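Work through the exercises below with the sequence and the coordinates open. Each task is followed by a solution in steps.

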Amino acid sequence: MPFDGLVTKSIINELNEFINSKIDKIYQPNSEEIILILRKEKKSKKLLISINPTAARFHLTDQSVENPIKPPSFCMVLRKYIQNGRILNLEQVSLDRILKITIEIKDELGYPKIYYLIAETMGKHSNIILINSENVIIDSLKHIDFTISSVRQVLPKLTYQLPPTKTKINPLDISKENFIEIILNDNNKKLNKALIDNFYGISNVFCELVCKDKKDVLLSDLTSDELEHIANRFFYYIAKIKSNSIECNIFTNNKGSKDFYIFDVMENDEKTYYTSPSEMIDAYYFNRSSEITMKQKYKDLYKLVESLYEKADKKVESYINKIEECKDFEVYKLYAELILANQYNININNDTVYLQNYYDENLSIIEIPYISGLSPVEMSQYYYKKYNKDKNTYEMLGNSLNQAKQEKEYLETVLINLENATDSETIEEIRNELILNGFIKKKIINKKTTSSPMHYISSDGYDIYIGKSNIQNDYLTTKFASQNDIWMHTKNIPGSHVIIKSKNGTVSDTALLEGALLAAYYSKAKNSTNVPVDYTERKNVKKPNGAKPGMVIYYTNKTIYVTPSSDKIEKLKRVK
């Protein structure tokens, strides 16, 4: 997927027809993309700019996207400054992967003001930046401070600087003689390395196209004829770029892997031709958009749940420490009683008193810390208060600890469900589950998003169902399963509920073994050996009142030990 400077050039050539167009609307579907609706002569098009690290790009698109109800802050900034503005120019910076859009908009008094929207599509360093006519940053989609980069900060009110690059040359501006002279200065390098180091916009794919089997040859080992031939090929394609004579293809190899480029680089692969670079890139990324969206949803939600889990873990640890501090509360009651019983024999000016413990059959002497100056009655009251305080704290923290442990256990199952999620619907369902249980604050739940539990068939024909979320686990166990169906779960290990549908009240040993493999595979012990899996009839499984989704108790169970693996799971038949 070489979205290099040459592809960038071809797209900007295509976008030039939208010079003098109006920016009609601006949307920001997610944290990595913006969409500008361009309108010109009753014709409108959507310009997509993405800074996704694995899919940074910009192009015209026909795809529909869902926008958030509340626009993100960067979208609001763009709407404030450039919506309804007129595009004066679209240009590429030095054949690099940078698009600079010049926008004119009238202020409230009717005077024109100039702004620049800059799209830097450079992998993980990609960004979208709005600057004014004085080259000062108004805002950017990603804020880069000195903790992220000591070389270049991208923050509001700072002066905009181009991304730091090596000193390179625009190949559109040189002659063949200049080309040969430039690369011969690097005759200790391999040919493809010399091209990439010296010229803007050159990718490895373009180097393979130009150099063929010579790309890994040292320049010093090339003959003058070979160098001449390479220069001719180089300028043949540069001329095509200048004249916009490109071939937009998506290539599919014999393994089904896809790629795209504006020249015919994969001669033996199956090709699908497109009339424009935007159409080609839009088609390519449309096939990957659901995957990219799912990965982004997974990444954001997993990070959130992981943070909640860490907080719950710290809460458990904190409660345990506080309980440990309060667990000896009975000793303070003993101190209070002994001091009161011996009040006439105590020297109140001491820091420590030694009293006989009449609760001990041996009448041992114990050492009691004493606050000098207090009367025995005051000291006794002090210890009674400390006793009551620590006792109440101990009892209260005991309940809080149980709740925190349950919360931690629940969130751990959510993390496992997320790790096993393979589609956006499941991820959205898990998000809705967290909203319903108060872990995410959100007023609107997407009720349209529903998915079905996973469904496998054992090698001897038994239906096996696996929950993909805790809500599905509850559904399978409490509503879907019959009393004589088999319920399975990894023993004391977070994971999915597994239901094996019985036939005439029985389940085969083969189905039990394969169901146990699935229970272990879709659990935290996925990569472990000899994983214990408990199983029992569904009628022996109960859900306590007030328990969180997926939390149950069970009895009269048996245990199978299995070692899960993806190879074993792939051999099982899965119903789509």
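**Exercise 1: the largest cavity**

By class, which residues make up the lining of the largest cavity?

Solution. The model is a predicted one. Step 1: the lining of the largest cavity has 3 nonpolar, 4 polar and 1 charged residues. Step 2: put names to the classes. The lining consists of Asn-417, Asn-420, Ala-421, Met-454, Gly-467, Lys-468, Ser-496 and Tyr-522. Ala, Met and Tyr count as nonpolar and Lys as charged, while Gly is placed with the polar residues. Step 3: add the volume. The largest cavity holds about 40 Å³ of space, and the structure has 1 cavity of 30 Å³ or more.

**Exercise 2: Lys-42**

Find the sign of phi at Lys-42, then decide whether this residue is buried or exposed.

Solution. Step 1: phi of Lys-42 is near 65°, which is positive, and the residue is not a glycine. Step 2: locate the residue. Lys-42 sits in the loop that runs between strand S2 (33–40) and strand S3 (43–50). Step 3: the cut-off for exposed is over 50% relative accessible area. Lys-42 has 83%, so it is exposed.

**Exercise 3: Asn-530**

Do the same for Asn-530: give phi, the loop and the exposure class.

Solution. Step 1: Asn-530, which is not a glycine, has a positive phi of about 50°. Step 2: its loop lies between helix H12 (509–521) and strand S19 (531–537). Step 3: the relative accessibility of Asn-530 is 53%, so this residue counts as exposed.

Notes. Residues are numbered from 1 along each chain as its sequence is written. This is a predicted model: local features need pLDDT of at least 70, side-chain atom pairs count only at pLDDT 80 or more; totals for chains, interfaces and linings use all residues. Side-chain values use heavy atoms; hydrogens and water are left out. On a 1 Å grid over the protein atoms alone, a cavity is a set of points where a 1.4 Å probe fits but cannot get out, and a pocket is an open set with protein on both sides within 12 Å along at least five of seven lines; lining residues have an atom within 4 Å of a point. Grid points are joined across faces, edges and corners, and a volume is the space filled by probe spheres set on the points. Helices (H or I, at least four residues) and strands (E, at least two) are DSSP runs, numbered from the N terminus. Buried means under 20% relative accessible area, exposed over 50%, partly exposed in between (1.4 Å probe, protein chains only).
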